[in-house]
Amino acid sequence: MNHMNQVHKIRNLPKYFLFMVAAALFFSAGSASSFEKPRQGEDILRDTYHRNMAKLETNSFGLPLFLESFEHDDRVHVDVYGIFDYLFSSVVNVLKVPDNWCDIVSLHPNIKACTSRELPGDGLLTFYIGRKVYQTPEEARQVVYHYRNVDQQQGYLDIILSADAGPFGTKDHRMRFEAVPLDGGRTFVHVSYAYSDSAALRLAGKVYFATLGWGKVGFTVTGTDSSGNPVYVGGPRGAIERNAVRYYFAIQSYMDTLRYPEKSRFSMRISDWYDLTARYRKQLLEQDKNDYLTFKTKEHMRQVTLQTAGR
């Protein structure tokens with residue numbers, strides 16, 4: 001009876017709340033892989049590359065990219081692996097700077113702004129999370145991440161962003177980026193996420209995917225329909241797969257535009273990100289390109305103002 005009362009209450013919540021619940025799910029969740037000791041992490045990542053060379057060459061993305069995900073109880077896990085055609089040293093030089101992460105993650109439609117602040121041996125990144133339309137930072141919810149460069153050496157990079165608390169009762173948020181060099185001036189990268197949720201968020205998530213989020217799917221094929229077409233995973237697992245790929249492409253877009261003059265990079269970056277994600281219409285295409293470019297340009301101006309004021 002209490003469960004039914006909870007369902008009734010959540011079904012009657014305003015759409016804005018359900019959008020924010022979706023943003024919390026999309027932005028926060030992902031891989032629950034443990035954080036190994038640095039050397040162990042490097043060995044595991046290299047082993048993953050060698051075991052999955054065939055997947056990197058032939059997959060549904062048409063790129064050297066693959067993901068793995070699964071659900072267990074109240075956890076959803078996802079890991080994205082891929083190859084960047086950039087030197088390992090170039091990737092390190094970009095991702096070891098906390099400020100650069102703000103310009104990367106803010107390409108995601110749900111991130112309205114990001115600001116960074118350096119502390120001794122650490123850094124703080126404030127993510128402003130909202131809807132996939134233009135919103136000011138004041139209209140968004142803030143999540144503060146600690147940036148930590150866990151390990152940086154000649155052949156391995158390991159960066160972790162962590163937050164003790166997130167929106168709607170979520171906690172222990174983790175975002176991890178690993179990289180190792182490959183032959184030919186390339187770099188093998190791994191993006192993963194982890195968080196713990198609450199019973200209320202899981203229930204609200206079910207309502208969202210049964211209503212506003214109905215029809216949204218991820219990349220993992222779970223079977224075929226009566227016509228022989230692939231059936232893709234949906235629900236929270238599908239949402240997290242979509243957004244893990246969005247963040248992966250955000251890093252790639254940042255790297256792709258570094259060779260151009262600085263004044264041109266932002267406009268090129270948001271256009272490049274949109275084009276990369278638009279290849280996967282079923283999973284990632286949710287808005288018109290002009291709309292995305294317009295609201296991201298406005299949000300970027302607010303982000304610059306926020307960052308300048310905070311220094």
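Does F295 count as buried or exposed, and at what relative accessibility? In this predicted model, F295 has a relative accessibility of 5% and therefore counts as buried, the cut-off for that class being under 20%. Its ring partner Y292, with which F295 forms an aromatic pair, has a relative accessibility of 0% and is likewise counted as buried. Because Y292 and F295 stand three residues apart in helix 11, which spans residues 289–310, about one helical turn separates them.

The structure holds 14 aromatic pairs, and two of them are set out here.

| Pair | Geometry | Centre to centre | Angle between planes |
|---|---|---|---|
| F61 and F219 | tilted | 4.8 Å | 35° |
| Y292 and F295 | edge-to-face | 5.7 Å | 80° |

The pair of F61 and F219 joins two loops: F61 lies in the loop between helix 4 (53–57) and strand 1 (65–72), whereas F219 lies in the loop between helix 7 (199–210) and strand 9 (221–224), so the contact ties together parts that are 158 residues apart in sequence. Both F61 and F219 are buried. These two residues also belong to a wider arrangement, since ring pairs link F61 and F219 with F84, Y248, F249 and Y280 into a cluster.

A charged side chain also meets an aromatic ring in this model, for K298 lies over the face of Y134, at 4.1 Å from the ring centre.

How values were computed. Residues numbered from 1 in each chain as written. Predicted model: local features only at pLDDT ≥ 70, side-chain atom pairs only at ≥ 80, totals over all residues. Heavy atoms only, no water. Phe/Tyr/Trp six-rings, centres within 6.5 Å; stacked < 30°, edge-to-face > 60°. Helix = DSSP H or I, 4+ residues; strand = E, 2+ residues; numbered from the N terminus. Buried < 20%, exposed > 50% of the residue type's maximum accessible area, 1.4 Å probe, protein only. Lys NZ or Arg CZ within 6 Å of the ring centre and 35° of its normal.
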